[in-house]
Amino acid sequence: MTFENFGLCDELLRAVHDQGYDTPSPVQAQAIPIVLQGKDIMAAAQTGTGKTAGFTLPLLQRLHQAKSDHGRRPIRALILTPTRELAAQIAESVRVYGKYLPVRSTVVFGGVGIKPQINTLRRGVDVLVATPGRLLDLANQKIAHLSHVDILVLDEADRMLDMGFIHDIRKILAMLPKKRQTLLFSATFSNDIKRLAKGILHQPVLVEIARNEASGQVTQVVHPVGKSSKRALLSHLIRSQAWQQVLVFTRTKHGANRLTEQLGKDGIQAAAIHGNKSQTARTKALAGFKQGEIRVLVATDIAARGLDIDQLPHVVNYELPNVPEDYVHRIGRTGRAGRSGEAMSLVCHEEMKLLRSIEKLIGKQVTQVEIEGFAADTGGSEEETTTRPAPNHRAPRRNTSRGQRNTRSTNAPSRRSRNSARPAR
Ligand code: AMP
């Protein structure tokens, strides 16, 4: 299967070729022909699967084919997405894939000045990428006119609902023409998503990429560790394994700030990205990370959602997420588009229950490797810390204290020699 098989126009094929893609990803192979036929889709695909091109390429082709009979340029395609970063990334993809087509696009999101957005919209755009809040604001001010939208994309729909955008989304939906093509992408199909889909999709074709297909390239490992040793272990891993780029997840904004500070004290350049940071600070941190100036990006789930960072080899769960699905989203930041990646979770005693829920969701046990010198805490009872290794892996020692041997994992062979070095404290 090649991109030529889809019957995409030369302008799009050239843009795809410029990106260096030879083979469509599974979600692209499934979604592109369906979208080109004008059908609605309900797709379970996470970020990292190539879903952006999966909807952008056919969307651009359809806009290009359908002659606009309106004098000025009304918005004909609307892409709604939960976070500012994701909106900016999708807008960049629309720009890149549409660079040889006479299609105008822009992006609007909150946290930055509205004036430039108003000016761009007044000049007219064909494709608008937006976060719900700012779009609603612009629509209420009669700046964004949504009555000619032919194609609506709801990207990361589950996260938009999690973030409380449902009311904004419903208001936006009410401004759109009833007759349109709707593409809904969601990492999970909760009942809320199904309810939303039922009201807005017309005979949708289901596109489902197996959960593991997206994270198939990702090696997952759990490092059991005492809560108070997590920071030292993280610094040790970064240094001893010479990680150049790592994305670290914390559960709270406060935790992200604190960890960033502590890493700084350890001499490791880190920046935090979360909802309390100004848009300028978030953009600066992300740019610094992408350019390799910042070694560690510490993020909360919401801020990290959908981040597309090329060749991110390591993701660390400094704290496990409360919602097991978030674990899947987090590790999807690495091992993207066929590359391999490593996802490590630093898990203390209190989090073992969360780990079990995650393992239930992903349908497998994650190999546990205790790092020498960073003992797991027992939480008081040795029995409770029983760890369950994956088949063929030796169980980690319980109650290992600093200096004792650590567990070896056949899943992470190169770890053996590296881990036997004494940790830098
Ligand atoms: P997405 O899931 O849309 O965020 O895409 C994840 C990453 O995969 C992005 O960096 C894309 O540039 C890249 N990508 C998308 N489609 C392909 C493809 N067919 N071949 C190789 N890389 C791709």
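# A walk through the chain

Start by selecting Ala242, which follows helix α11 and has a positive phi, near 50 degrees. Helices here are DSSP runs of H or I with at least four residues, strands are runs of E with at least two, and both are numbered from the N terminus.

Before going on, a word on what you have open. This is a predicted model, in which local features need pLDDT of at least 70 and side-chain atom pairs count only at pLDDT 80 or more, while totals for chains, interfaces and linings use all residues. Residues are numbered from 1 along each chain as its sequence is written, and side-chain values use heavy atoms, with hydrogens and water left out.

**Stop 1: helix α11**

Step back from Ala242 and select residues 230–240, which make up α11. How many of its 11 residues are buried? The count is 8, so call this helix mostly covered; buried means under 20% relative accessible area, exposed means over 50%, and partly exposed is in between, with a 1.4 Å probe and protein chains only. Among the buried ones are Lys230, Ser235 and His236, along with Leu233 and Leu234. Now show what they pack against: β8, β9, α12 (253–265), β11 (296–299), β12 and β13. Contact means heavy atoms within 4.5 Å.

**Stop 2: the open sheet**

Several of those strands belong to the next stop. Colour the 7 strands of the open sheet in their order, β10-β11-β9-β12-β13-β8-β14; they pair in parallel. Two strands pair if DSSP finds at least two bridges between them. Which strands sit at the edges? They are β10 (270–273) and β14 (367–368), each pairing on one side only.

Zoom in on β8 (residues 218–224) and β13 (residues 341–347), a parallel pair held over 7 bridges. Pick Thr219 and you'll find its bridge partner in β13, Glu342.

Next, add helix α15 (residues 324–331), which packs on the sheet and touches β8, β9 (246–249), β12 (314–317) and β13. The direction of α15 makes about 155 degrees with that of β12. Axes are lines fitted to C-alpha atoms, for helices over the stretch in contact, and the angles run from 0 to 180 degrees between N-to-C directions. Helix α16 (residues 352–362) packs on the sheet too, touching β8, β13 and β14, and its direction makes about 160 degrees with that of β8.

While α15 is on screen, click Asp326, which lies in it. Is Asp326 buried or exposed? It is buried, with a relative accessible area of 10%. Leaving aside residues up to four places away in sequence, Asp326 touches Arg159, Asp301 and Pro321.

**Stop 3: strand β1**

Jump to residues 41–44, strand β1. Ile41 and Ala43 point one way, Met42 and Ala44 the other, and all are buried. In a regular strand the side chains alternate between the two faces of the sheet. β1 pairs in parallel with β6 (residues 181–186) over 4 bridges, and Ile41 stands opposite Leu183 there. Another 4 bridges join β1 to β7 (residues 205–208), also parallel, with Glu208 as the bridge partner of Ala44.

**Stop 4: two helices with a buried side**

Select α8, residues 166–175, and highlight its buried residues: Asp168, Ile169, Ile172 and Leu173. Look down the axis: they fall within an arc of 135 degrees, so they line one face of the helix. The arc is that of the directions from the helix axis to the C-beta atoms. The face turned away carries the exposed residues His167 and Ala174. Covering the buried side are β2 (77–80), α6 (132–140), β5 (151–154), α7 (157–162) and α9 (191–200).

Helix α1 (residues 10–19) makes a nice second example, with Leu12, Leu13, Ala15 and Val16 buried. They cover an arc of only 160 degrees, which puts them on the same side of α1. Asp10 and His17 are exposed on the face turned away. What covers the buried residues includes α3 and α4. Just after α1 comes Gly20, whose phi is positive, near 85 degrees.

**Last stop: Gln89 in α4**

Follow α4 (residues 84–97) to Gln89. Gln89 is buried, with a relative accessible area of 13%. Draw a line to Val129: the two are 40 residues apart in sequence and 9.6 Å apart in space, C-alpha to C-alpha.

Now zoom out. The whole chain comes to 17 helices and 14 strands, and 56% of its 425 residues count as buried.
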